[in-house]
Amino acid sequence: MHKPTAGWHADTIAIHGGDAPQDPHGALVAPLYQTSTFVFDSTHQGGQRFAGEEAGYIYSRLGNPTVNQLEQRIAELEGMQAGAAAATGMGAVAATMMAFLQQGDHVVASDAIYGCSFALFDHLFRRFGVDVSFVDMSDLEQTKAAFRDNTQLVFLETPANPHLKLVDIAAVSKLAHQHKARLVVDNTFMTPLLQRPGEFGADLVVHSATKYLNGHGDVVAGLVTGRSEDIELIKFTTLKDMGATMSPHDAWLILRGLKTLPVRMQRHCENALAVVAFLQEMQQAGMISRLYFPGVNQDEQSHESDLLQTQMKAAGAVIAFDMTGGFRAATRLLDQLSMIKLAVSLGDAESLIQHPASMTHSPLTPEARAAAGIGDGLVRLSVGLEHADDIITDLRQAFTSLK
Ligand SMILES: C/C=C(/N=C/c1c(COP(=O)(O)O)cnc(C)c1O)C(=O)O
């Protein structure tokens, strides 16, 4: 039966997007194809499939019906032509970047990115002869100056991990394309519900699906979307041969999580605004020296409020703040919380809090951490789906205990 996907809202695509594998029994939820390999009718058919002469599945590292359904759904949500699924967010980042790089190439990367993405670029890529320039992409002149004749890729996160720095996707995309480079945007903190980087010139959009997309803290996975030819290259060179493909079971869980993504993002964002208001009280009380949340520091980046209007539908639900008392105060605060969990990751139903300098961004060199403004007093909070009052009550008792 033809599915009229054109014109659907994201809320509908999140539930019905992607072609469900044919099921003879009419199951509402497509069966999970938890299989490593697929049986051929004949030797000839097997050869035809390997040769690409006949459509059909071969082996789950090369493609799987459940995984394909997810890849199609995330591509429809991002408004991109195609998608590819990876075992982790880092698998998606690595497979995407390496599909377009070779020894002697150059990458321009934002200096505000997740610690392991920094480590992949700064440690691993350099070992294989790819040079990376890390720049403050809120400074377009500095960004422009970083390009070289051999620049093949530009990589950024916005809002960036850990303190939500915003980057003008359209402006950086223009610079990338002027230099015949592709722009890769990591959209993990927003999801396509709040931001679609492809609409502002991103060529490839990557996600840690571990976070909001799955949203239940029970999967580690990654996704990338883009033009069909780029996604094919990623799927059938780096992902296939690096072996960083997603399991069918993880894809099935993420398909399940995506159904509630729209309502979850709405609640995450509502809760975050209430928590920001409380943290602003702590800032006025002198316990927080600086609060990071899109649109909060109007003085710093009025351009930030423009971007919040033009490329984002909401500010998201990750908040960061510098404790006035530095590392010691940050440690005491985190250790005092009871309902909010002291754990890395983000985008789960449970509120999670962590210390970037010693945890998620510990792979950064001290110089890189300083350049990215990640101090020892910085705390990052992923606001969950609990009742906002209960989140605030837990924070309030922890702050009170510091007095
Ligand atoms: C512990 C992990 C955290 N982040 C991860 C992450 C990844 C990498 O995603 P996998 O962890 O490989 O699924 C990619 N892109 C972004 C913006 C991320 O925040 C964390 O920050 O808490």
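Helices and strands in this report are DSSP runs, numbered from the N terminus: a helix (H or I) has at least four residues and a strand (E) at least two. With that in hand, let's walk through the chain. Please keep in mind that this is a predicted model.

**The loop between β4 and α7**

A good place to start is the loop that runs between β4 (151–157) and α7 (169–178), where Pro159 lies. The peptide bond leading from Thr158 into Pro159 is cis, and its omega is near -10 degrees. Pro162 is found in the loop between β4 and α7 as well, and a cis peptide bond, with omega about 15 degrees, connects Asn161 to Pro162. Leu164 also has its place between β4 and α7. Its backbone deserves a look: phi of Leu164 is near 65 degrees, a positive value in a residue other than glycine. Is Leu164 buried or exposed? Leu164 counts as buried, because its relative accessibility is 3% and the cut-off for buried is under 20%.

**Around the ligand**

Asn161, which takes part in one of those cis bonds, also turns up next to the ligand. There are 19 residues around the ligand, and Asn161, Asp186, Thr210, Ser345 and Arg380 come nearest. Sorted by class, this shell holds seven nonpolar, eight polar and four charged residues.

Ser345 has a backbone feature of its own: phi is positive, about 85 degrees, although Ser345 is not a glycine. Ser345 sits in the loop between β10 (341–342) and β11. With a relative accessible area of 19%, Ser345 is buried, so it falls on the buried side of the 20% cut-off.

Here are some polar distances between ligand oxygen atoms and the protein.

| Residue | Atom on the protein side | Distance to a ligand oxygen |
|---|---|---|
| Gly89 | polar backbone atom | 2.9 Å |
| Thr210 | N or O atom in the side chain | 2.6 Å |
| Arg380 | N or O atom in the side chain | 2.7 Å |

How much of the ligand does the protein bury? Taken alone, the ligand exposes 500 Å², and the protein buries 91% of that.

**Links between parts of the chain**

Asp111 lies in the loop between β2 (106–110) and α5 (115–127). Asp111 is buried, at 13% relative accessible area, and its side chain makes a polar contact of 3.1 Å with the side chain of Lys165.

Leu308 belongs to helix α11 (residues 302–310) and is buried, with a relative accessible area of 17%. Although Leu308 and Asp168 are 140 residues apart along the chain, their C-alpha atoms are separated by 9.9 Å.

**Salt bridges**

Side chains of opposite charge can pair when their charged atoms come close. A search of the whole structure finds 14 salt bridges.

One of them pairs Glu71 with Lys235, whose closest N and O atoms are 2.8 Å apart. This pair links distant parts of the chain, with Glu71 in helix α3 (residues 65–78) and Lys235 in helix α8 (residues 228–242), 164 residues apart. Both Glu71 and Lys235 are buried.

Asp131 and Arg148 form a salt bridge too, with 2.7 Å between the closest N and O atoms. Here the link runs from Asp131 in strand β3 (residues 131–135) to Arg148 in the loop between α6 (140–146) and β4, 17 residues apart. Asp131 is partly exposed, at 28% relative accessible area, and Arg148 is partly exposed at 36%.

Arg396 and Glu281 meet through their side chains in a salt bridge of 3.9 Å, N to O. Arg396 in helix α14 (residues 388–401) and Glu281 in helix α10 (residues 261–284) are 115 residues apart, so this pair also counts as a link between distant parts of the chain. Arg396 is partly exposed, with a relative accessible area of 38%, and Glu281 is partly exposed, with a relative accessible area of 38%. Elsewhere, Arg182, Asp203, Arg227, Glu229 and Asp230 are joined into one network by salt bridges that share partners.

**A nonpolar patch**

Finally, on the surface, Leu342, Val344 and Met359 make a nonpolar patch of about 230 Å². Met359 is located in the loop between β11 (352–354) and α13 (366–371). Why can Met359 take part in a surface patch? Met359 is partly exposed at 31% relative accessible area, and patch residues need over 30%.

Notes. Residues are numbered from 1 along each chain as its sequence is written. This is a predicted model: local features need pLDDT of at least 70, side-chain atom pairs count only at pLDDT 80 or more; totals for chains, interfaces and linings use all residues. Side-chain values use heavy atoms; hydrogens and water are left out. Patches are made of residues with over 30% relative accessible area and no salt bridge: like charges are joined within 9 Å, nonpolar side chains (Val, Leu, Ile, Met, Phe, Trp, Tyr) within 5 Å. Accessible areas come from the Shrake-Rupley method with a 1.4 Å probe; for residues, only the protein chains shown count as cover. A salt bridge is a side-chain nitrogen of Lys or Arg within 4 Å of a carboxyl oxygen of Asp or Glu. Buried means under 20% relative accessible area, exposed over 50%, partly exposed in between (1.4 Å probe, protein chains only). A residue is near a molecule or strand if one of its heavy atoms lies within 4 Å of it. A polar contact is a pair of N or O atoms within 3.5 Å; within protein, one must be able to donate a hydrogen and the other to accept it, and residues adjacent in sequence count only if both atoms are side-chain atoms. Ala, Val, Leu, Ile, Met, Phe, Trp, Tyr, Cys and Pro count as nonpolar, Asp, Glu, Lys and Arg as charged, and the others, Gly among them, as polar.
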